[in-house]
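The following paragraphs lead the reader through one molecular structure, from its sheets to its core and its ligand. The sequence and the model are shown first.

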Amino acid sequence: MTLLEAKNISHSFDYPLFKDINFSLDEEDSMSITGISGSGKSTLMHICSTLLKPDFGSVKLFENDIYKLNEKKLVNIRRKDIGIIFQAHYLFRGFSAYENIELSALMTNFGIDDELLEKLNIKNIINQKVGELSGGQQQRVSIARVLSKKPKIIFADEPTGNLDPTTADEVINILFDYISKTKGALLLVTHDDKLANKCKYKKYLSIDGLIDR
Ligand SMILES: Nc1ncnc2c1ncn2[C@@H]1O[C@H](COP(=O)(O)OP(=O)(O)O)[C@@H](O)[C@H]1O
Ligand SMILES: [Mg+2]
């Protein structure tokens, strides 16, 4: 099944960002997007993950044109089937790491996966308040939170920006394991060529669209 299909996408804010973006992701596919700051990588992620409507073009998720779905179905897809790991994680600071992850697991009725906490190396800090954790620990908690709801597509926008190279590599491998186990797909924005190169498709975003690299 095609999980994500982007067709002829163009978008401008104060200036044109990109035009004619076309790609699709099937089960177990991964695609990295690199590009200079301000080229529109985050904007393209927002478009593909339902958060922003493009000026032109269509986005299909699980073979549904998202702008032809009713609001309820769209909310369901957003809530259950797509997982977004942002550059700036939006954890609730007054809550513990565990409570933050629990919120997401509750939304979809999946339990919290102990093995995942272990792999992300956050089991020992799970009862600490988010405000007490380091940036890297917070980022790993936010990744656990996203994976705990078992999404079919992961949108990761510079997910390893706060992590040291070894931890970054481990975290990316967890995302790859996840999509291969669940037959999901990964769209990864990163500045790190080494991580970008691990993806099946490697693209560079420019004004003319996505270029193979
Ligand atoms: N909601 C918005 N309104 C106006 N301009 C925006 C908005 N979001 C992003 N931009 C502008 O679009 C450009 C691309 O931003 P972004 O997609 O964040 O790039 P990247 O992630 O590649 O660094 C930037 O110039 C940014 O200021
Ligand atoms: Mg960005």
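Helices are DSSP runs of H or I with at least four residues, and they are numbered from the N terminus. With this in mind, the description of this predicted model may begin at the ligand. Helix H1, which spans residues 41–48, supplies the largest share of the shell around ligand 1, namely three residues. The complete surroundings of ligand 1 consist of Phe13, Leu17, Gly35, Ser37, Gly38, Ser39, Gly40, Lys41, Ser42 and Thr43. Sorted by class, this shell holds seven polar residues, two nonpolar residues and one charged residue.

Helix H1 also leads to the sheets. One of them is an open sheet of six strands with mixed pairing, arranged in the order S6-S7-S8-S3-S9-S10. Its edges are formed by strand S6 (82–85) and strand S10 (209–212), each of which pairs on one side only. On average, neighbouring strands of this sheet are turned by 20 degrees against each other, direction ignored. Within the sheet, strand S3 (residues 30–34) and strand S9 (residues 201–206) are paired in the parallel sense over four bridges. Here threonine 34 stands opposite tyrosine 204 of S9. Helix H1 lies across S3, strand S7 (153–157), strand S8 (185–189) and S9, and runs at about 155 degrees to S8.

A further open sheet is built from four strands in the order S2-S1-S4-S5, with antiparallel pairing. Strand S2 (16–26) and strand S5 (64–65) are its edge strands, and each pairs on one side only. Strand S1 (residues 2–12) and strand S4 (residues 56–61) run antiparallel and are joined by five bridges. One pair of bridge partners is glutamate 5 and lysine 60, the latter in S4. Helix H1 packs on this sheet as well, touching S1, S2 and S4, and its direction makes about 130 degrees with that of S1.

The interior can be considered next. In soluble globular proteins, nonpolar side chains tend to be buried together. In this model, the largest nonpolar core has 53 residues, and Cys48, Ile154 and Phe155 have the most contacts inside it. The element that gives the most to this core is helix H6 (residues 165–182), with six residues. Which residues does phenylalanine 155 touch, not counting residues up to four places away in sequence? They are Met45, Cys48, Ser49, Ile82, Ile84, Ile85 and Leu187. Among these, Cys48 is itself one of the core residues with the most contacts.

Definitions and conventions: Residues are numbered from 1 along each chain as its sequence is written. Chains are lettered from A and ligands numbered from 1 in the order in which they are written. This is a predicted model: local features need pLDDT of at least 70, side-chain atom pairs count only at pLDDT 80 or more; totals for chains, interfaces and linings use all residues. A residue is near a molecule or strand if its C-beta atom, placed from the backbone, lies within 6 Å of it. Helices (H or I, at least four residues) and strands (E, at least two) are DSSP runs, numbered from the N terminus. Ala, Val, Leu, Ile, Met, Phe, Trp, Tyr, Cys and Pro count as nonpolar, Asp, Glu, Lys and Arg as charged, and the others, Gly among them, as polar. Two strands pair if DSSP finds at least two bridges between them. Axes are lines fitted to C-alpha atoms, for helices over the stretch in contact, and angles run from 0 to 180 degrees between N-to-C directions. Two residues are in contact if their C-beta atoms, placed from the backbone, lie within 7 Å. A nonpolar core is a set of buried Ala, Val, Leu, Ile, Met, Phe, Trp, Tyr and Cys residues joined through C-beta atoms within 7 Å. A residue is buried if 20 or more other C-beta atoms lie within 10 Å of its own, exposed if 12 or fewer, and partly exposed in between; C-beta atoms are placed from the backbone.
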